[in-house]
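Colleague: I'd like to learn how to read a structure like this one feature by feature. Can we go through it together?

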Amino acid sequence: MRFDNNSKGIKKFIKYITPLNPTLVAMEYTGGLERNVFFALQDNNIPCCCIKPTNIKNFSKTIDAKAKTDLISAKLIAHYAFLYKPAPQPKPDERSIILKDLASRLQSLTDFLISEKNRLSASTFAKIKSQINKSIKVIEKLIEDNKKQLRNLIYSNPELKAKVDLLDTMPGVGEHSAMMLVVLLPELGKISSKQIASLCGVAPFVNQSGKAAGKASIRGGRDKARRVLFMITLSAIVHNPIIKKYYNHLIKKGKPAKVALVACMRKIIRTLNAMIRDNKPFIPDYYETYVREQNNGSKIILTKNSEARQEAGYSVSSEDNSFRETGIKIPT
């Protein structure tokens, strides 16, 4: 059967499939075009799931399917679901969908802004430069508006706000980066360190056969989350003493810069995952103090356990080993 991917066609599809009482309806991710069908199935209590296109593509190679038509693709998806039995997916709440769309849009606008600035530097014609400057101003305004919407949505949810505040305590992670990670990686704190590294695409996959051992490499994962993590790491190897020391240690051992950078990315995301899991802020394992300005106008000075001491003007929290400086107003 074939149905149009619009409201009328989806209604016909639901009317057709409901009497069949399906165990599972499987479909591919298609960049958001599958959403309306997916939500309609869930609204009618029909179990459904989305499968990554790469899984279907690889599966087609295992059964030596060379041709590709809509009918063949549908059979492949059905065959894959029958063999591997993926679990039905719960319906995401409206807030999470909007947040992910905003985060994705922000990255697209940022990419476009970079492209426009590159064109501006390469252009020599005054009229074209004027047009590009106007375009840059519009894009910058859209980026600021999207950031405000993203921040307002996150800070209106106490659970998401608490996660952002925790992630923001690590040097190298700014408020915006923390918000993007919370949106793009809702699994933070809920899965193991190896799983979160794999989800970000920074887990090394070995390449070994018999006595031959090739180089391990990273692959897959969520590219948008990995991009945010990459920018965090670039900042952390400069401003975070632990990551900086780790990076320099790998470089001294002869590791290439990119390999050392990916190792730092993996260390950072595993640390952030543990922070959310344990509901603890970042406490650096070194003797120097680190000061972070908080939104409420106070300062938190984090220090090592063995160095914690009561000082005038500070209240000590034994739970997270932090000194909170009181009565200080920070200009906004």
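Modeller: Let's start with a term we'll need for packing: two residues are in contact when they have heavy atoms within 4.5 Å. Keep in mind that this is a predicted model. With that in hand, look at helix 3, whose buried residues pack against strand 1 (25–28), strand 2 (48–51) and helix 4 (70–84).

Colleague: Which residues of helix 3 are buried?

Modeller: In helix 3, residues 53–62, they are Ile56, Phe59 and Ser60. They share one side of the helix, because they span an arc of only 105° around the axis. The general idea is simple: an α-helix has 3.6 residues a turn, so positions three or four places apart point the same way.

Colleague: And what is on the other side of helix 3?

Modeller: Lys57, Lys61 and Thr62, which are exposed there. Right after the helix comes aspartate 64, with a positive phi near 60°.

Colleague: Where else can I practise this on a helix?

Modeller: Try helix 9, residues 193–200. Ile196, Ala197 and Cys200 are buried in it. Their arc around the axis is only 100°, so they sit on the same side of helix 9. The buried residues there pack against helix 10 (223–239) and helix 12 (257–278). Just past the end, glycine 201 has a positive phi of about 80°.

Colleague: Helix 10 came up as a partner there. What does a single buried residue look like up close?

Modeller: For one residue, check its relative accessible area: under 20% counts as buried. Take isoleucine 232, which is in helix 10. Its relative accessible area is 1%, so isoleucine 232 is buried. Leaving out residues up to four places away in sequence, isoleucine 232 touches Gly172, Val173, Ser177, Leu181 and Ile268. You can also follow the backbone: the C-alpha atoms of isoleucine 232 and methionine 265 are separated by 8.2 Å, with their positions 33 residues apart along the chain.

Colleague: How many residues of strand 3 are buried?

Modeller: The number is 0 of the 5 residues in strand 3 (residues 205–209), so this strand lies largely in the open. For a strand, look at the pairing as well. Strand 3 pairs with strand 4 (residues 212–217) in the antiparallel sense, over 4 bridges. One bridge to pick out on screen joins serine 209 to alanine 212 in strand 4. The hairpin has 2 residues between its strands, and glycine 210 takes a positive phi near 60° in it.

Colleague: Now the surface. Is methionine 1 buried or exposed?

Modeller: Over 50% relative accessible area counts as exposed. Methionine 1 has 76%, so it is exposed. You'll find methionine 1 in the segment before helix 1 (7–17). Together with Tyr16 and Leu20, Met1 forms a nonpolar patch on the surface, and the three have about 380 Å² of accessible area together.

Colleague: Let's zoom out. What does the whole protein look like in numbers?

Modeller: There are 12 helices and 8 strands. The protein has 332 residues, of which 35% count as buried. About 20800 Å² is exposed, with carbon and sulfur atoms supplying 55% of that area. As for contacts with a separation of 6 or more, 56% are between residues 24 or more positions apart.

Notes:
Residues are numbered from 1 along each chain as its sequence is written. This is a predicted model: local features need pLDDT of at least 70, side-chain atom pairs count only at pLDDT 80 or more; totals for chains, interfaces and linings use all residues. Side-chain values use heavy atoms; hydrogens and water are left out. Buried means under 20% relative accessible area, exposed over 50%, partly exposed in between (1.4 Å probe, protein chains only). Accessible areas come from the Shrake-Rupley method with a 1.4 Å probe; for residues, only the protein chains shown count as cover. Patches are made of residues with over 30% relative accessible area and no salt bridge: like charges are joined within 9 Å, nonpolar side chains (Val, Leu, Ile, Met, Phe, Trp, Tyr) within 5 Å. A salt bridge is a side-chain nitrogen of Lys or Arg within 4 Å of a carboxyl oxygen of Asp or Glu. The arc is that of the directions from the helix axis to the C-beta atoms. Two strands pair if DSSP finds at least two bridges between them.
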